[in-house]
Amino acid sequence: REDVGVCPLCSGCVTHMAAPTTSGTARGVAKARDIESMLPPELRLVDDPYAAAMAGWRTPRWLLRCSGHGLRQAISDALTCPGYVQLMVARTRLFDDEVVRACAPTAPGEARTPCTQLLILGAGFCTRGSRLPIPPHVRVYEVDQPSVQAAKRRLMAEAQRAARKSERAASASGRIVYLPLDLSEAALDAALRAHPGYDPAAPTVVTVEGLTQYMPAEAVAATLEALGRATGPGSRLVASYVDARVHTDPAAACGEGYPAHALARVAAFAERANEPWLSSWPPPPPGGRAAMGPFGRLLAAHGRWRAERDESAGEANEAFFAPIGRRIPPSSLCMMERFVVAAKGDSGGGGFGLDGGDTTE
């Protein structure tokens, strides 16, 4: 029943939903987090107790639990592309780790300034402010369109009414500030500075997750410039972007034996959800440092961000999935997005994958 937006297999899966008034892609990512959360604790890479509410499943929860992780992931892969759920899980886990690391107290001898603010751009149905173990003094600012935020707040309130989630939610909900803003129409730094609680001089960890592909390249540059003005020394930035080879050489953006033509289905879903992809960037040259890639140079030119790492799901596969016996086979390895970690000024870094090296070409 794709004509009415309902999938007969899963009653509202990642791709088979009508174009919504709020973010359809945000719901798709929440579905991936919820599928991962079905695994036993020792096997899951992401544990999101709010994802089910954010996902808006039409199927009864008991039936979803009965179907299990494997079937749900297989259905999602069949209707989007192989490895879609794992890609979203890898992205979520990488961003989670970077946020927790940036906000954690400094260890003895560590040359790092802990971030005291978390700024989530294009937050969609992100739940990091409620579920991550970050210090209670860290203030969380979520930026997105008013309609998306209204839907997210309603769904989160419903999720928080569940007894098993209320204690954690109550401790975190007071520090989350919602800033309704359309990045294409308003000046980000001015809006942040206008908020009495936001400190543009404070070290801030910024996430730009699953957003850049929906913005014109010039708007991405302007946003990075604004972030440079609205964050203090020691700030960190974590961003994702679509690998331009998805459009020019799809086989290069996936593992060996992967059905590269399937990547087009994800872009088609974004079109149907009225959220078309507008921008993409090539990866760094083979063996090159993160700052040498097109996105790394963009970061340096706009906002003085220094790219430390620019990695694909291939690196995340070895860092996250392989150690727990869940290595993704090449024929299911989707690498259509890349993940960048950057620092502002001379703040220190670190990470799970490649050594970022210095930033000079």
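**A tour of buried salt bridges and one helix pair**

Begin by selecting R91, which counts as buried at 5% relative accessibility (buried means under 20% relative accessible area, with a 1.4 Å probe and protein chains only). The model is predicted, so local features need pLDDT of at least 70 and side-chain atom pairs pLDDT 80 or more, whereas totals for chains, interfaces and linings use all residues. Residues are numbered from 1 along each chain as its sequence is written, and side-chain values use heavy atoms, with hydrogens and water left out.

Add E337, whose side chain meets that of R91 in a salt bridge at 2.8 Å, N to O (a side-chain nitrogen of Lys or Arg within 4 Å of a carboxyl oxygen of Asp or Glu). Because E337 lies in strand 7 and R91 in helix 4, the pair ties together parts 246 residues apart in sequence (helices, H or I with at least four residues, and strands, E with at least two, are DSSP runs numbered from the N terminus). E337 is itself buried, at 3% relative accessibility.

Next, widen the selection to R33, D48, R91, D96, R128, R131, E209 and E337, which are linked in a network of salt bridges. Within it, the side chains of R131 and D48 meet at 3.7 Å, N to O.

Finally, show helix 4 (residues 84–103) with helix 13 (residues 313–321), which pack at an angle of about 70° with their axes 10 Å apart. Helix 4 is therefore roughly perpendicular to helix 13 (angles of 65 to 115 degrees). Among the residues in contact (heavy atoms within 4.5 Å) are L87 and R93 in helix 4 and F320 in helix 13.

Notes: Axes are lines fitted to C-alpha atoms, for helices over the stretch in contact, and angles run from 0 to 180 degrees between N-to-C directions. Angles under 35 degrees count as roughly parallel, over 145 as roughly antiparallel, 65 to 115 as roughly perpendicular and the rest as oblique. Buried means under 20% relative accessible area, exposed over 50%, partly exposed in between (1.4 Å probe, protein chains only).
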